[in-house]
Amino acid sequence: FDNYEFQKGELTYNEDGWLESELIMQDPFIGEMDNYGLIEYYYDENGNNTEIITSAWGYTEWIPSSLQFNTYDESGNCIEIVSANASGVAQEKRTYNYDMNVLAENVYYFPNPENKFPTMPQMHNMLSSCAQWTFNQDTGNLSLTGEYIITYEQIGDVDLSVSIDVPATTI
């Protein structure tokens with residue numbers, strides 16, 4: 001497999017410089033690249049990413065496999081993310097609340113390489129809490145699976161450091 005190129009991608013940007021699509025191509029060991037996956041991004045007039053459609057290549061056409069819908073407040077903070085299957089049935093929902101008195105640029109968020117905590121959404125103000133719902137197979141609805149209260153401590157003269165308090169819950 002020396003010098004074998006198994007997968008490659010192409011990024012496309014719109015005239016405003018926003019990511020429009022990610023095309024993933026893969027060589028299924030036949031010596032040529034073939035379509036594999038496509039991620040399309042849609043934005044509102046403020047540049048907020050409002051929709052993401054992920055599709056798989058079905059040999060003749062793209063077949064949507066998942067959808068994501070993002071909602072923003074008037075300050076450009078992401079307040080809700082809903083992930084759905086290709087039929088539009090919600091599988092997960094995350095909501096976010098903010099302290100509008102503190103700008104996000106004045107906050108240091110801990111590194112999260114293992115995704116042990118929820119990832120931070122697009123925000124302009126300091127995140128104060130978030131909640132997560134996941135699809136419940138028994139009821140066919142979303143069920144609350146976690147609420148996170150985010151607390152901060154002062155480090156130095158201006159910056160704040162973040163930690164997340166995860167209350168014990170029974171699922």
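## Trp18 and its partner

Let's start with Trp18, which is partly exposed, at a relative accessible area of 26%. In this predicted model, two aromatic pairs are counted. One of them joins Trp18 to Tyr43: the ring centres are 5.1 Å apart and the planes make an angle of 40°, giving a tilted pair. Trp18 sits in the loop between β1 (7-13) and β2 (19-26), while Tyr43 belongs to strand β3 (residues 34-43), so the pair ties together parts that are 25 residues apart in sequence. Tyr43 is partly exposed, with a relative accessible area of 25%.

The other pair is made by Trp57 and Trp62, whose ring centres lie 4.9 Å apart. Their planes meet at 65°, so this pair is edge-to-face. Trp57 has a relative accessible area of 21% and is partly exposed. Trp62 is partly exposed too, with a value of 26%.

## A look at Asn14

The loop between β1 and β2 also holds Asn14. Is Asn14 buried or exposed? Asn14 is buried, because its relative accessible area of 16% is under the 20% cut-off. Setting aside neighbours within four places in sequence, Asn14 is in contact with Glu20 and Tyr43. Tyr43 is thus a residue to look at twice: Asn14 is in contact with Tyr43, and Trp18 forms the tilted aromatic pair with Tyr43.

## Lys93 and the salt bridge

Next, find Lys93 in strand β7 (residues 90-103). How many salt bridges does a search of the whole structure find? The search finds one, and this salt bridge brings together the side chains of Lys93 and Glu80, at 4.0 Å from N to O. Glu80 lies in strand β6 (residues 78-85), so the pair ties together parts that are 13 residues apart in sequence.

Lys93 is partly exposed at 22% relative accessibility, and Glu80 is partly exposed with a relative accessible area of 24%. Lys93 also lies over the face of Trp133, at 4.5 Å from the ring centre. Lys93 therefore has two partners to look for: Glu80 through the salt bridge and Trp133 through its ring.

## The nonpolar core

In soluble globular proteins, nonpolar side chains tend to be buried together. Here, the largest nonpolar core has eleven residues: Tyr72, Cys78, Ile81, Tyr96, Tyr98, Ala104, Met123, Leu127, Cys130, Tyr148 and Ile150. Which elements give two or more residues to this core? They are β6, β7, β9 (125-136) and β10 (141-155). You have already met two of these strands, as Glu80 lies in β6 and Lys93 in β7.

Strand β10 is also the place of Thr145. Thr145 counts as partly exposed, at 22% relative accessibility. The C-alpha atoms of Thr145 and Phe135 are separated by 9.5 Å, and these residues are ten residues apart along the chain.

## How confident is the prediction?

The protein has an average pLDDT of 82, and 78% of the residues score at least 70. Which strand has the highest mean pLDDT among the elements, and which the lowest? Strand β5 (residues 62-72) has the highest, at 96, and strand β11 (residues 159-165) the lowest, at 49.

A word of caution as you explore: where pLDDT is low, the predicted coordinates should not be read in detail.

Methods. Residues numbered from 1 in each chain as written. Predicted model: local features only at pLDDT ≥ 70, side-chain atom pairs only at ≥ 80, totals over all residues. Heavy atoms only, no water. Phe/Tyr/Trp six-rings, centres within 6.5 Å; stacked < 30°, edge-to-face > 60°. Helix = DSSP H or I, 4+ residues; strand = E, 2+ residues; numbered from the N terminus. Buried < 20%, exposed > 50% of the residue type's maximum accessible area, 1.4 Å probe, protein only. Lys NZ or Arg CZ within 6 Å of the ring centre and 35° of its normal. Core = buried A, V, L, I, M, F, W, Y, C linked by side-chain atoms within 4.5 Å. pLDDT = per-residue confidence, 0-100. Contact = heavy atoms within 4.5 Å.
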